[in-house]
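Trainee: Could you take one part of this model and look at it closely with me? I'd like to see how its pieces fit with their surroundings, with the cut-offs spelled out as you go.

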Amino acid sequence: MRGIRLSPPPIQTTNTIQSQTFPTTTSNPNQVRFLPFQSKHNNKKKKHKTPILCLSSTNPSKIHPQPPLVVVGSANADIYVEIDRLPKEGETLSAKTGQTLAGGKGANQAACGGKLSYPTYFLGQVGQDSYGTLVTEALRSDGVCLDHVTTVSGGTPTGHAVVMLQSDGQNSIIVVGGANMSCWPDILPQHDLDVVRNAGIVLLQREIPDHVNIQVAKAARSASVPVIFDAGGMDSPIPQELLNYVDILSPNETELGRLTGMPTESFEDIAQAAAKCHKWGVKQVLVKLGEKGSSLFIEGEEPIQQPAIFAKKVLDTTGAGDTFTAAFAVALVEGKSKKECLKFAAAAASLCVQVKGAIPSMPDRKSVLELLNYH
């Protein structure tokens with residue numbers, strides 16, 4: 001099935017799909033502004049990358065762009081139901097409330113990058129339906145460039161998920177792949193791969209087909225662009241071909257245990273499981289440990305541990321892992337040390353769990369920096 005691109009031709013000032021018109025600017029205060037890129041930790045000369053300018057952000061001709069965060073992944077409508085507990089087999093429960101919000105691991109991470117005021121591009125697929133409009137409007141309002149989003153035809157729906165949110169803030173999620181898993185071209189268009197090659201950093205997850213992730217990771221490696229691969233999503237083994245092009249693998253402790261077939265109850269268990277990932281060729285393993293914080297295992301070095309930053313009240317953990325991973329990526333591409341990246345990400349995740357919803361809970365940069373002033 002053929003897709004419809006959201007990219008406008010150069011002479012246009014709006015992106016149009018059938019009867020829907022997408023404005024190319026926004027007055028949202030979180031709108032991305034491309035600022036000069038400087039890094040005190042990155043002094044090595046790198047091959048010059050031609051800036052990719054996003055037509056759906058502020059006027060790029062008046063400012064100096066940074067190499068963007070490029071997120072390739074899923075876009076979902078998250079259908080939230082609040083319940084006291086999970087239903088037993090054969091049982092029907094009444095939910096306290098229900099609402100539909102934009103989400104999906106890819107869209108979550110892109111929204112987080114946008115809210116943190118870093119130039120962010122999202123490459124993904126949505127259906128020609130109200131869910132697709134919900135997601136694209138949410139991302140655009142957070143300053144994310146959507147020039148590489150495709151609306152697929154033929155009745156394929158936008159991905160969606162049922163999020164069962166319990167009173168303690170924990171959640172269980174069932175995902176319907178929809179356009180996230182269908183209708184991708186066998187070979188990605190060059191203009192999509194070009195934005196990857198010109199990125200400062202690339203984020204991937206497991207809610208889109210492996211062959212898409214492999215092509216993106218290969219393109220990034222060819223241009224020396226670091227790739228962070230979030231292990232959340234499909235529970236099948238990760239292809240070795242993909243791992244060959246991943247710089248940082250980022251699972252939570254449950255995903256790490258499932259991938260390695262090893263226990264992850266203690267820190268020693270987690271360290272041994274991370275060491276197994278090193279044997280697969282992944283030099284860095286970033287493990288998200290929820291209320292226990294996070295740990296970065298770099299092959300040949302001592303682990304770097306970051307305790308969780310206390311949240312006053314945990315309302316919803318949905319999107320906390322995506323917030324952590326995206327915030328870590330933003331801090332890394334900005335040249336912060338690995339320890340600083342972990343702390344920045346911990347602060348962002350702490351703020352995230354205090355608000356209901358995935359994308360609505362993503363914090364802005366000012367809030368993260370204010371929280372860090374106290375830690």
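Mentor: Happy to! Let's begin with exposure: a residue is buried under 20% relative accessible area, exposed over 50% and partly exposed in between, using a 1.4 Å probe and protein chains only. By that scale S367 is partly exposed, because its relative accessible area is 28%. This is a predicted model, so local features need pLDDT of at least 70 and side-chain atom pairs count only at pLDDT 80 or more, while totals for chains, interfaces and linings use all residues. Residues are numbered from 1 along each chain as its sequence is written, and side-chain values use heavy atoms, with hydrogens and water left out.

S367 sits in helix α10 (residues 365-372); helices (H or I, at least four residues) and strands (E, at least two) are DSSP runs numbered from the N terminus. The C-alpha atom of S367 is 8.1 Å from that of L351, which is 16 residues away along the chain.

L351 takes us to helix α9 (residues 338-352), which packs with helix α8 (residues 320-333) at an angle of about 145°, their axes 8 Å apart. Here axes are lines fitted to C-alpha atoms, for helices over the stretch in contact, and angles run from 0 to 180 degrees between N-to-C directions. The crossing of α8 and α9 is right-handed: the near helix is turned clockwise from the far one by less than a right angle, where anticlockwise would be left-handed. On the α8 side, the residues making the contact (heavy atoms within 4.5 Å) include F324, A327, F328 and A331, and on the α9 side they include L342, F344, A345 and C352. By class, 14 of the contact residues are nonpolar, 1 is polar and 1 is charged; Ala, Val, Leu, Ile, Met, Phe, Trp, Tyr, Cys and Pro count as nonpolar, Asp, Glu, Lys and Arg as charged, and the others, Gly among them, as polar.

C352 links this pairing to two other places. One is T318, in the loop between β16 (304-306) and α8. T318 counts as buried because its relative accessibility is 5%. Beyond its neighbours within four places in sequence, T318 touches Y80, V163, N171, I173, C352, G357, A358 and S361. The side chains of T318 and N171 also share a polar contact of 3.0 Å, meaning a pair of N or O atoms within 3.5 Å; within protein, one must be able to donate a hydrogen and the other to accept it, and residues adjacent in sequence count only if both atoms are side-chain atoms.

The other place is C112. Its sulfur has C352 as the closest cysteine sulfur, but at 7.9 Å that is too far for a bond. A disulfide is a pair of cysteine sulfur atoms within 2.5 Å, and a search of the whole structure finds 0 of them. C112 is buried, since its relative accessible area is 0%.

Finally, look at K356: its side chain makes a polar contact of 3.0 Å with the side chain of E82. E82 belongs to strand β5 (residues 76-83) and counts as buried because its relative accessibility is 18%. Apart from sequence neighbours within four places, E82 is in contact with A95, K96, T97, L165 and K356.

For context, the protein chain has 10 helices and 16 strands. Among its contacts between residues at least 6 apart in sequence, 71% join residues at least 24 apart.
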